[in-house]
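Subject: Structure handover

Hello,

Here is the structure you will be working with. Please open it beside this email and follow along.

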Amino acid sequence: MLPSKRTCVAVAEDDATVREEVLKKFKGEGCAISSSSAEVAAENNYRPLKVMDYEANGKKHMEIDEDLHSRQLAVYGRETMRRLFASSVLVSGLQGLGVEIAKNLVLAGVKSISLHDEGNVELWDLASNFYFSEDDVGKNRAIACIHKLQELNNAVTISSITGALSQEHLSKFQAVVFTDISLEKAIEFDDYCHNHQPPIAFIKSEVRGLFGNVFCDFGPNFTVVDVDGEEPHAGIIASISNDSPALVSCVDDERLEFQDGDLVIFSEVHGMVELNDGKPRKVTSARPYSFALEVDTTEFGPYSRGGIVTQVKQPKVLQFRPLRDSLKDPGDFLLSDFSKFDRPMLLHLAFQALDAFRHDLGRFPTAGSEDDAQKLIDFAFKINEAMGDGKLEEIDRKLLYHFASGSRSVLNPMAAIFGGIVGQEVMKACSGKFHPLFQFFYFDSLESLPPESVEPSDLKPLNSRYDAQISVFGARHQKKMEAAKAFIVGAGALGCEFLKNLALMGVCCGQKGKLTITDDDVIEKSNLSRQFLFRDWNIGQAKSTVAAAAAAAINPSLRIEALQNRASPDTESVFDDTFWESLDVVINALDNVTARMYMDGRCLYFQKPLLESGTLGTKCNTQMVVPHLTENYGASRDPPERQAPMCTVHSFPHNIDHCLTWARSEFEGILEKTPNEVNKFLTNPGEYTGSMKAAGDAQARDLLERVIECLVKDRCYTFQDCIIWARLRFEDYFANRVKQLTFTFPEDAVNSSGSSFWSAPKRFPRPLQFSVNDPSQVDFIMSASILRAETFGIHVPEWVKNPKELVDAIEKVVVPDFAPKKGVKIVTDEKATNLSSASVDDVAVINELVAKLEECAKRLPPGYHMSPIQFEKDDDTNFHMDLIAGLANMRARNYSIPEVDKLKAKFIAGRIIPAIATSTAMATGLVCLELYKVLSGKHRAEDYRNTFANLALPLFSMAEPVPPKVVKHNDMRWTVWDRWIIRGNVTLRELLRWLKEKGLNAYSISYGTSLLYNSMFPRHRDRMDRKVSELAQTVSKSDIPSYRRHLDLVVACEDDDDNDVDIPLVSVYFS
């Protein structure tokens, strides 16, 4: 069992408790929507929100623990989070699907969840419910889950209902979810929810073997406040014509994302000021860098310069139909796989036929039973005939056989997929954020079945926890999965979900099986909102160790080893050839491209299947990398993110991202890099100054200047010195530098071409006047002085947090006057990569600086050193984000750029990847459907699926993987998957002869960075009779590692016609 440590607030249905407040106070809104959204929502009987009532009554908002929910806040924003925190949800049916939904909702932090199930735990349920153990068999399902679900989030009130549900039960919920309910009862409850005032969101979902469905009804008029969750698109204006319609052109800094029909507003337009009235105007004829405006501007003032155009996001009203009507006329289905275009209607019949079968016979069809399958098929034909014009002309009997055979089973991967989908639909219903599923969605993974037919006898239960899975795949396939040897890289959000899935599926749970998981990270508080195997008492512990223990608690038979090694070239002695050769499959659970590329290379080398996945907010993707069948991960790459030019960030920012990039750079420069340089010098002065002299360039000069400035001019002895430093930094950053910039380039400055220097996207800056009456400026001084004191080891007095005493200290600072200088060079070249300019006098200046530094060192006390500060975004008490947000917002104020709150600053400066539990669960479920195929070992390329999904829209796009590129030579063919192996401790001559026999003339052979042979070098002919293994060690001047039994050679070859031939890696197994 999972550990149980903290007090739970699980309650019986009638004993609901008041929700505990969480820790951090919000500041501002998460995202902007149009002002009409609230009115539209009210007109359409949108369910009132208790949190909003708090605001209207002047009471305190529900607080959001930003440390815990930061990644989720990056997806939803504060307003949506508050709506979720005020929502109560019913989840009925606590088999695998129900518990997945409940888990995702608890992690999201809804106000309360009521768990309903009238049935008791069976051994069969252990294949899909990760909170059931054999000790729970015979207990009510809801009661068996409640305490373990509660451990995920004590701020959620969780209760259980074990008796029959009535319509009255539903009235207190914002959303109700049913995962195992008859159609008759579902229609009754949906009618009640649809007609209730305000409507109650009704969701019905089922997982039956490798088939699943979802139906949503959010009422007759449901308002979607934010359709896609994306930031409003914006553009920087270059020109606007006086015309009808007006043509608006934007700078080519970034492509416009506007579409015809979008509404936009204008701001900061000079000349044609009539457009600055805040009135939304319609876009037509949208192009990458221009669009037409549905307005007559002939009488407007002529455009002169400047201006921002911003999309206005509009609410959308959806009119859902009740289940009763939708069953007869389902409308358009949401498709996931266009190779199964006609599949949804057939499954629409299949699920109704299964309901009729269960109603008449009181049970599910027996796995492998031809008779039961025929009965279900008969029901399907009967229902189809009643569909009238919508009936199917042909019905796939084979598909319905498989549907019937596995219908009792709730498979874990399917439960994970639909748990993610349904969990997200509940949150849409409670918040109006993102577009709901409208209204039916059907999905199947029939191609996951073993390619060979499974005998009915192989589907019979074995009185095992895997019986539900055996009823679909058979006992033989189950044994293969139990004997598998797998490697999971990463134990974060994806890793936790994968461990849970594999434990439930029985992968690596046999005597011959083994699962290795590695992760070098430790658990942080922000992990707890989605990495569900961790608890708050695990903070600071190794992720892999804790996750492995939790997975073993789910299934004690799991044979797992947890490591804390990063998979990289440095750990190839740990993950050696023997380790890799033993594996059956590798599963990536990583969060960066560099690590993914490394793992891709290793899987290519050892020809191992790699199951790849990733998430970004509501989006997820999966990619199957299967030896010889598909291309590898590195075969296709996303283009690199566009980086702002250095001169833009440092002198000409035009958005808040530029300001935050600059702020983080300054933070790291003054608080981490410079103190580190000081310590390098103090640790070994002679070596440090020697290296600076040897470098003799502008960078060395800058480093020396910063070290001297830190130890002489700006050295702090008392906290008042730190306040002086902070106040003078403010003046330098936000007044003096701006005065110098605008002196060098005045507002009327022109380029060499005669055009305005300050034309878009440049924004003309204004210096700030410091005021102790501006709280944001005082806060900047406080955070800067506290962190400066930390680097010098100076005690921070308590009075610094007293506004009056702090202001008194600030007012004592004498700020010298500043006069701009002529001849100051400011970099304007967008291609420049360094702001330091080289000088012919660099060497002489460096020698002078070294002398000053050596003199300075003599005056320092023995053992003196500084304390560098490494940026940590997830600790709200350390003042790091306070300083970065302050730096960025003051700079934004210089350039009239909208400021942001600390949370938004954290997302951007901290490079936080938005993450939620729902998309993570869905991604891992999709991957594990592919894992069935990989471990079967006999599937064709067309059976595999890569997926891209966006739960916000919702969008599901599945496609067959791309095959690898084939290279042909004579009668040979190879791909990136092939590696040519030559066994024996061969000589160079023997290797060349071996290649010649293939019609290849090798002219260059390399081992790593060492050239072993090149036909152009006569002396290399002397190496012909030397062993390749000895030659490699001699030339590279390094030994082959003891764990390595072969060496890899890159060989450049030509054919007999002197055409280059790109051949695979050549591996010489010398022992």
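Below are the findings, one part of the chain at a time.

Please keep in mind that this is a predicted model.

The residue to start with is Cys647. An unreviewed UniProt entry lists Cys647 under "active site". In the model, Cys647 belongs to helix 19, which covers residues 646-651. Is Cys647 buried or exposed? Cys647 has a relative accessible area of 2%, and because buried means under 20%, Cys647 counts as buried. Which residues does Cys647 touch, leaving aside those up to four places away in sequence? They are Phe652, Val827, Thr828, Asp829 and Glu830.

Next comes a barrel. Six strands form a closed barrel, in the order 9-10-13-12-11-14, and their pairing is antiparallel. On average, neighbouring strands of this sheet are turned by 45 degrees against each other, with direction ignored. One pair in that order can be followed in detail: strand 12 (residues 281-284) pairs with strand 13 (residues 290-293) in the antiparallel sense, over 2 bridges. To find one bridge partner, look for Val283, whose partner in strand 13 is Leu293.

The last item is a domain taken from the record. The unreviewed UniProt entry places "Ubiquitin-activating enzyme E1 C-terminal" at residues 944-1066. How much of this span is helix, and how much is strand? Residues 944-1066 are 15% helix and 37% strand. The C-alpha atoms at the two ends of the span lie 30 Å apart.

Regards

How values were computed: Residues are numbered from 1 along each chain as its sequence is written. This is a predicted model: local features need pLDDT of at least 70, side-chain atom pairs count only at pLDDT 80 or more; totals for chains, interfaces and linings use all residues. Side-chain values use heavy atoms; hydrogens and water are left out. UniProt positions are given in the numbering used here, feature names are shortened, and annotations may be inferred rather than shown by experiment. Helices (H or I, at least four residues) and strands (E, at least two) are DSSP runs, numbered from the N terminus. Buried means under 20% relative accessible area, exposed over 50%, partly exposed in between (1.4 Å probe, protein chains only). Contact means heavy atoms within 4.5 Å. Two strands pair if DSSP finds at least two bridges between them. Axes are lines fitted to C-alpha atoms, for helices over the stretch in contact, and angles run from 0 to 180 degrees between N-to-C directions.
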